[in-house]
Amino acid sequence: MNLDRKYFSRSMFELRWPAEVLVEETDRLLDSDSRSLPDWSEEGEYLLKEAFRSQEPAEEFMASSDRSEWLTALAKHARQLPRASMPKPYFSQRGRARVAPRPIGLSGTARRIRDMVSDLDGRGYLAQALGQDCVDDGQQLGTLGSVPWDELHRRLGRNELLPVERWWSGYDLDDLCDVIEVVHDVIARPAKARYHNYMQCGWHYLDFRTGVAQRLYRSLVNEILGESGLGIVLAESGRCEEVAGGDELELLISNSRADDVSGGSQHDDFLDALEMFRRRGATETEKRAAIVTLAGVLEERRDLVKQSLLPKDEGVLFEVANKFNLRHRKANQQTNYDTELYFQWIFYWYVSTIRLTDKILERQASSGR
């Protein structure tokens with residue numbers, strides 16, 4: 001079997017997870033010393049069942065004559081795989097008069113956070129914290145002790161917030177952010193699961209990993225928050241932060257996160273720049289670096305800009321970055337300007353221009369050019 005990009009481009013390879021989280025976990029499996037043991041294949045199968053929308057990738061992995069080679073090829077091509085949460089734009093979204101989706105608001109955001117946390121809980125991501133029950137072994141306490149909900153409410157300083165499924169509809173913004181943060185603190189991915197048949201006891205989860213679970217959780221939460229219009233992001237620290245930009249620009253940013261027209265490293269660089277610039281507390285150096293990254297994306301599309309947008313003056317897009325002490329940092333560059341205001345202007349100008357080139361690329365692809 002030729003495990004090339006064409007093989008992994010089939011529709012069944014649609015990711016539920018961010019590609020970088022999948023790559024991290026496949027690398028961990030490939031680096032382990034236990035590849036010859038049955039548990040190794042079972043753990044790989046369990047990983048793939050979680051990471052993909054379809055069960056077929058796990059089935060193909062288990063049917064492979066060389067499972068290590070199969071996983072290695074998957075890790076190589078993972079960043080080109082589509083996300084199930086980011087479908088290709090539908091007909092009305094591809095039209096000239098595209099109707100931008102409305103922010104989902106606080107209630108809709110809380111509902112989606114509820115659904116996401118419930119899904120993770122159902123796959124054992126809270127079992128390490130909350131504990132597990134077994135008909136043979138009885139109650140197995142988790143890290144939060146014998147009354148885990150009381151412990152979580154003690155940490156939060158108030159009651160009637162957890163479990164999310166019960167209390168989500170009454171959340172205000174502070175409640176929602178507190179719940180998002182406390183779940184981040186206790187979440188852990190079980191790398192293994194065993195089904196206990198006796199008296200239909202159910203699944204028991206083992207070998208918990210906190211770091212990868214928190215990275216996955218942050219990504220899923222931020223996809224929801226990015227469509228909310230609330231101006232909140234879950235930072236790497238596991239704490240919610242306000243982001244710069246304002247509600248007027250949230251739709252532009254949300255649509256930018258959802259559309260991956262060009263694919264590959266360009267889109268990854270674009271998303272990295274969005275996150276870096278808009279993170280609360282971002283330094284001047286970080287904002288400058290984000291703008292330089294966006295300029296690099298545009299530089300790769302310079303021919304497209306020249307042909308379709310600015311046939312005579314495409315260089316003006318790059319002059320502002322080159323002349324105002326951003327990219328090359330030369331002595332003859334302008335330095336006496338309000339960086340806060342200028343950086344905001346150039347950042348959103350570049351984002352808007354990249355989004356416009358996305359639409360041009362999309363139309364060219366649909367017309368077969």
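## Helix H3 and its side-chain contacts

Glu-45 is partly exposed, with a relative accessibility of 22%. The model is predicted. Glu-45 pairs with Lys-49 in a salt bridge, with 3.6 Å between the closest N and O atoms. Across the structure the count comes to 25 salt bridges, and a search finds 13 aromatic pairs.

**Glu-45 and Lys-49**

- Both residues belong to helix H3, which covers residues 38-51.
- They sit four residues apart, so about one helical turn separates them.
- An α-helix has 3.6 residues a turn, so residues three or four places apart point the same way.
- Lys-49 is partly exposed too, at 36% relative accessibility.
- Glu-45 stays just outside the buried class because its 22% is not under the 20% cut-off.

**Helix H3 as a whole**

- H3 has 14 residues.
- From first C-alpha to last, H3 reaches 20 Å, close to the 20 Å expected at 1.5 Å a residue.
- Its buried residues are Trp-40, Ser-41, Glu-43, Gly-44, Tyr-46, Leu-47, Leu-48, Glu-50 and Ala-51.
- The cover over the buried residues of H3 includes three helices: H2 (19-31), H4 (56-63) and H5 (67-77).
- Strands S3 and S4 (202-209) are also among what covers them.

**A buried salt bridge: Arg-189 and Glu-50**

- Arg-189 and Glu-50 meet through their side chains in a salt bridge, 2.8 Å from N to O.
- Arg-189 is in strand S3 (residues 189-196) and Glu-50 is in helix H3, so the bridge ties together parts that lie 139 residues apart in sequence.
- Buried or exposed: which describes Arg-189? Arg-189 is buried, at 1% relative accessibility.
- Glu-50 is buried as well, with a relative accessible area of 3%.

**A partly exposed salt bridge: Arg-239 and Asp-185**

- Arg-239 forms a salt bridge with Asp-185, and the closest N and O atoms are 3.1 Å apart.
- This pair also links distant parts of the chain, 54 residues apart.
- Arg-239 sits in the loop between strand S5 (232-234) and strand S6 (240-242), while Asp-185 is in helix H11 (residues 173-186).
- Arg-239 is partly exposed, with 33% relative accessible area.
- Asp-185 is partly exposed, at 36% relative accessibility.

**Salt-bridge network**

- Salt bridges with shared partners join Arg-16, Glu-25, Arg-28, Glu-43, Glu-50, Asp-119, Arg-123 and Arg-189 into one network.
- Two of these members, Glu-43 and Glu-50, are among the buried residues of H3.

**Aromatic pairs**

- The whole structure holds 13 aromatic pairs.
- Phe-347 and Tyr-348 form an edge-to-face pair, 4.8 Å centre to centre with 85° between the planes.
- Phe-347 and Tyr-348 are both buried.
- Trp-349 and Tyr-350 form a tilted pair, 5.9 Å centre to centre with 35° between the planes.
- Trp-349 is partly exposed, with a relative accessible area of 26%.
- Tyr-350 is buried, with a relative accessible area of 0%.
- Which rings make up a cluster? Ring pairs link Tyr-7, Phe-8, Phe-13, Trp-40, Phe-52, Phe-61 and Trp-70.
- Trp-40 of this cluster is one of the buried residues in H3.

**Charge over a ring**

- Lys-287 lies over the face of Phe-277, 5.3 Å from the ring centre.

Note on methods: Residues numbered from 1 in each chain as written. Predicted model: local features only at pLDDT ≥ 70, side-chain atom pairs only at ≥ 80, totals over all residues. Heavy atoms only, no water. Salt bridge = Lys/Arg side-chain N within 4 Å of Asp/Glu carboxyl O. Helix = DSSP H or I, 4+ residues; strand = E, 2+ residues; numbered from the N terminus. Buried < 20%, exposed > 50% of the residue type's maximum accessible area, 1.4 Å probe, protein only. Phe/Tyr/Trp six-rings, centres within 6.5 Å; stacked < 30°, edge-to-face > 60°. Lys NZ or Arg CZ within 6 Å of the ring centre and 35° of its normal. Expected span 1.5 Å × (residues − 1). Contact = heavy atoms within 4.5 Å.
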